[in-house]
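Please open the model in your viewer and keep a selection box at hand, since each stop of this tour begins with something to select.

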Amino acid sequence: MKKIIFVIIVALFSVNVFGQVKMKKPSVMIVPSKAWCKQMGYTQEFNNQGYVEVHPDFRKAFLNDVTLKQVLVSMSGVMKERKFTMKMLEAQLDKVDKKMADQNMRSSTKTGGGVMLSPTDMLKMTAKADIIMEITYTVNKHGPKKSIQFTLAGLDAGTGTLASDATGNSEPAAGSVPELMTEAVSAYMDGFCSKLMDHFIDIYENGREINLNIQVWDDWGEDLETEDYGDDELMTVIEDWVSDNTVNSSYNLSDATESMMVFEMTRIPTIYTDKNGKEKAMDAAKFGKLLRDYLGELGLESKGERSSLSEMTIWIGHK
């Protein structure tokens, strides 16, 4: 009897854990890799404050490669079968077009300078996917048959770190490219998705990693060593706040002077509770906003700017 009860308890526990893991499954957006886009000639140049960056031109890829959309839809179906929430690239590009137009009209209230965000960063911020799944593939011909060689890289959308990867190929066959792609990746997807889940659960339990930069305006008249905040310098007050609001106080203050602080490997919670008691997703921008609210309680004005999903800069002194 005791053995039966024990088996039932274990079974219920397993169902509960499985249910929790299902709820934690990340959202995924599948895109052709930068290497694939460069090889096919689907790139665009972006002037980032005088430095020319090369980014994938997904619009051009869709217009010139009719098979690409079929491949992405096919791959999205494979991931959807495993209960991942999928964000479709082409639909997100439509949203980016509007946001890029709005972004180009924004400027700093202090200097009049524009906010520089690359097309890739804007896509990630618009899609709000947890994982960017990059696919690189080559179609090889064998007489009337074809085979597929592929590489998948599951990247954390915030940090760009590799969460999972897989490389393989299909046997020569007479099917379409999307069919061959589905066949080629099917043997690798369980392991690929398992590693994605391990990465995502690590984020859920130990926090998402961001970088936080603190600077002061040169005309403020004070600095981070000012001691008008209790018995401590402002620098110490800020570090104490970061320590209290990160997961297990996980952060690295890699550099600090009277005019700036650089927090790296800063682990923030995946969710937070707002003033109305609602749970919301946390990212670098929201974490920075919470710090700015705290600085406001100390009587300090500040301005915040997000350069990516995982990096936030705050200027203290005025907006």
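Begin by selecting Cys-37, which in this predicted model is buried, with a relative accessible area of 0%. Then add Cys-193 to the selection: this cysteine is also buried, here with a relative accessible area of 7%. If you go on to look for bonds between cysteine sulfurs, you will find that the structure holds zero disulfides.

Turn next to the aromatic rings, of which the structure has seven pairs. Select Trp-36 and Tyr-137, whose rings form a stacked pair, with 5.5 Å from centre to centre and 25° between the planes. Because Trp-36 belongs to helix H2 (residues 34–40) and Tyr-137 to strand E5 (residues 131–142), this pair ties together parts that lie 101 residues apart in sequence. Both Trp-36 and Tyr-137 are buried. Extend the selection to Tyr-42, and you have a cluster in which ring pairs link Trp-36, Tyr-42 and Tyr-137.

Now move to another ring pair by selecting Trp-217 and Trp-315, which count as stacked because their ring centres are 5.7 Å apart and their planes stand at 20°, with planes under 30 degrees apart taken as stacked. Trp-217 sits in the loop between strand E8 (208–216) and helix H9 (234–245), while Trp-315 is in strand E14 (residues 311–316), so this pair ties together parts that are 98 residues apart in sequence. Trp-217 is buried, with a relative accessible area of 12%, and Trp-315 is buried as well, with a value of 18%, which fits the cut-off of under 20% for buried residues.

For the following stop, switch to a cartoon view and select the open sheet of five strands, whose order is E4-E1-E5-E6-E7 and whose pairing is mixed. At its edges you will find strand E4 (85–87) and strand E7 (162–169), each of which pairs on one side only. As you step across the sheet, the twist averages 25° from one strand to the next.

Within that sheet, select strand E1 (residues 27–32) together with E5: the two run parallel and are joined by five bridges. Which residue in E5 stands opposite Pro-32? Selecting Ile-135 shows the answer, as this is the residue of E5 that Pro-32 stands opposite.

Finish by selecting helix H8 (residues 189–206), which lies across E5, strand E6 (145–156) and E7, and runs at about 175° to E7.

Definitions and conventions
Residues numbered from 1 in each chain as written. Predicted model: local features only at pLDDT ≥ 70, side-chain atom pairs only at ≥ 80, totals over all residues. Heavy atoms only, no water. Disulfide = S-S within 2.5 Å. Buried < 20%, exposed > 50% of the residue type's maximum accessible area, 1.4 Å probe, protein only. Phe/Tyr/Trp six-rings, centres within 6.5 Å; stacked < 30°, edge-to-face > 60°. Helix = DSSP H or I, 4+ residues; strand = E, 2+ residues; numbered from the N terminus. Pairing = 2+ DSSP bridges. Axes fitted to C-alpha atoms, helices over the stretch in contact; angles between N-to-C directions. Contact = heavy atoms within 4.5 Å.
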